[in-house]
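Q: I would like a close look at one part of this protein. Please go through it residue by residue and then place it among the other features of the model.

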Amino acid sequence: MSDLATTDGDLDAAMDRYRVELTGYCYRMLGSAFDAEDAVQDTYLRAWRSYDKFEGRSSLRSWLYRIATNVCLDLLNAGNKRARPMDLTAPQHQASAVLNQRPEVTWLEPIPDGRVLPQTADPAEAALAKESVRLAFVAALQHLPAKQRAVLILREVLAWKADEVAHLLDTTVASVNSALQRARATLAGQRMRESEPADPLDAEQTTLLKQYLAAFESYDISRLTTLLHEDAVLSMPPYDLWLQGPADIAAWHLDQGIGCKGSRLIPTTANGMPAFGQYRPREDGRPGHTPWALQVLEVSQGRIVGLNAFLDTARWFPLFGLPEQLDESHEMQQGA
């Protein structure tokens, strides 16, 4: 299909081909699922308004990326910066842990794989795409100035050539190369925890996730801690609390977190990583379970290194297509 559209329907179809990859680009830039989707909508609106000036001087894809970059830079110039609890505070110990909500902090957000990972038959390409949306990497990107962030994503993740990035940013190849060098140096100074992408064909990972689900649903915390790395981290945005190590994580679940006993988990994926929708028993004692957290797991070398519990389920569960609640029929299906 030609990049030049002859009808409104052609333009819609042409732009829609790039929606997933543009959402992935905007998500890496902004660290927010909702901001990324808004940025893509703004990109398409601007493209519609100025399409008569496009004239095919570049590819439609390059033109859309130029517009999307400008949209993201505008948002980032407004001071938006996403963070994880580990970026803001030191780890606490369970015995003295305090749940402190920071409304002034804009948290790094999870995103469903289907919104940001284009379908590809190339395993290496798929692995790179998953690697580049994992929470630790997107969090590290937040430490880069906006234009360095754009350069690094375009060059390292999307494999654009230096002259293509220079044209998109209205700058020189030398400036692009310099920005990339500085961005690489900044990222090298970040302590990014290694984690592996969700892979249903990986027998070791599949076994680990089954063991985690069984341990959590039976609330066998001793068994659960055997699945954790010695430096595993538990975080719970929008609270800035985070705990490190199996002992503190276990103590939390048996004390402040005891309300999670009896929970049910529904598997999903987020940011290229394994995830679960967590439902706690209803507080009124009636049958069924209600949403509590979107758990995103970071896994490395057969152990869980990160338990990220995103508690704003009113936002996350609809985005991930998770049920509003679990009734008895849902639970029977889960147990089947």
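Which residues does R102 touch, not counting residues up to four places away in sequence?

A: The model is a predicted one. With residues up to four places away in sequence set aside, R102 touches L88, T89, W107, P238 and D240. R102 itself is found in the loop between helix 5 and helix 6 (113-116). Its relative accessible area is 22%, so R102 counts as partly exposed, the class that begins where buried (under 20%) ends. D240 is 138 residues away from R102 along the chain, yet the C-alpha atoms of the two are separated by 6.8 Å.

Another of these contacts, P238, lies in the loop between strand 1 (228-235) and strand 2 (242-244). P238 is joined to P237 by a cis peptide bond, with omega at about 20°.

P237 leads on to a cavity. The model has one cavity of 30 Å³ or more, and the space in the largest cavity is about 60 Å³. P237 is one of the lining residues, and so is W107, a residue that R102 touches. The rest of the lining is made up of A83, R84, P85, M86, L108, L135, S235, N308 and F310. Helix 5 (85-88) and strand 6 (303-310) each supply at least two residues of this lining.

Strand 6 is preceded by a loop that follows strand 5 (289-300), and Q301 has its place there. Q301 is not a glycine, but its phi is positive, near 50°. The relative accessible area of Q301 is 69%; exposed means over 50%, so Q301 is exposed. Y219 also has a positive phi without being a glycine, at about 50°. Its place is the loop between helix 12 (203-217) and helix 13 (221-225). Y219 has a relative accessibility of 8%, so Y219 counts as buried. Y219 also belongs to a cluster that ring pairs form with Y212, F216 and F276.

The count of aromatic pairs in the model is nine. In one of them, the ring centres of Y65 and W160 are 5.2 Å apart and the planes meet at 65°, so the pair is edge-to-face. Y65 is in helix 4 (residues 60-77), while W160 is in the loop between helix 9 (146-157) and helix 10 (162-169), so the pair ties together parts 95 residues apart in sequence. Both Y65 and W160 are buried. Arginines also lie over rings: the charged end of R280 sits over the ring of W292, 3.5 Å from its centre, and R315 lies over the face of W316, at 5.2 Å from the ring centre.

That leaves the nonpolar cores. In soluble globular proteins, nonpolar side chains tend to be buried together. Here the largest nonpolar core has 73 residues, and M29 and L64 touch the most other members. Helix 4 gives this core its largest share, ten residues. Beyond its neighbours within four places in sequence, M29 is in contact with C72, L73, L76, Q142, A146, R149, A150 and I153. Another core lies apart from the largest one and has 29 residues, including L228, L241, W252 and L307.

Notes:
Residues numbered from 1 in each chain as written. Predicted model: local features only at pLDDT ≥ 70, side-chain atom pairs only at ≥ 80, totals over all residues. Heavy atoms only, no water. Phe/Tyr/Trp six-rings, centres within 6.5 Å; stacked < 30°, edge-to-face > 60°. Helix = DSSP H or I, 4+ residues; strand = E, 2+ residues; numbered from the N terminus. Buried < 20%, exposed > 50% of the residue type's maximum accessible area, 1.4 Å probe, protein only. Lys NZ or Arg CZ within 6 Å of the ring centre and 35° of its normal. Core = buried A, V, L, I, M, F, W, Y, C linked by side-chain atoms within 4.5 Å. Contact = heavy atoms within 4.5 Å. 1 Å grid on protein atoms, 1.4 Å probe; cavity = no way out; pocket = protein on both sides within 12 Å on 5 of 7 lines; lining within 4 Å. Points joined across faces, edges and corners; volume = space filled by probe spheres on them.
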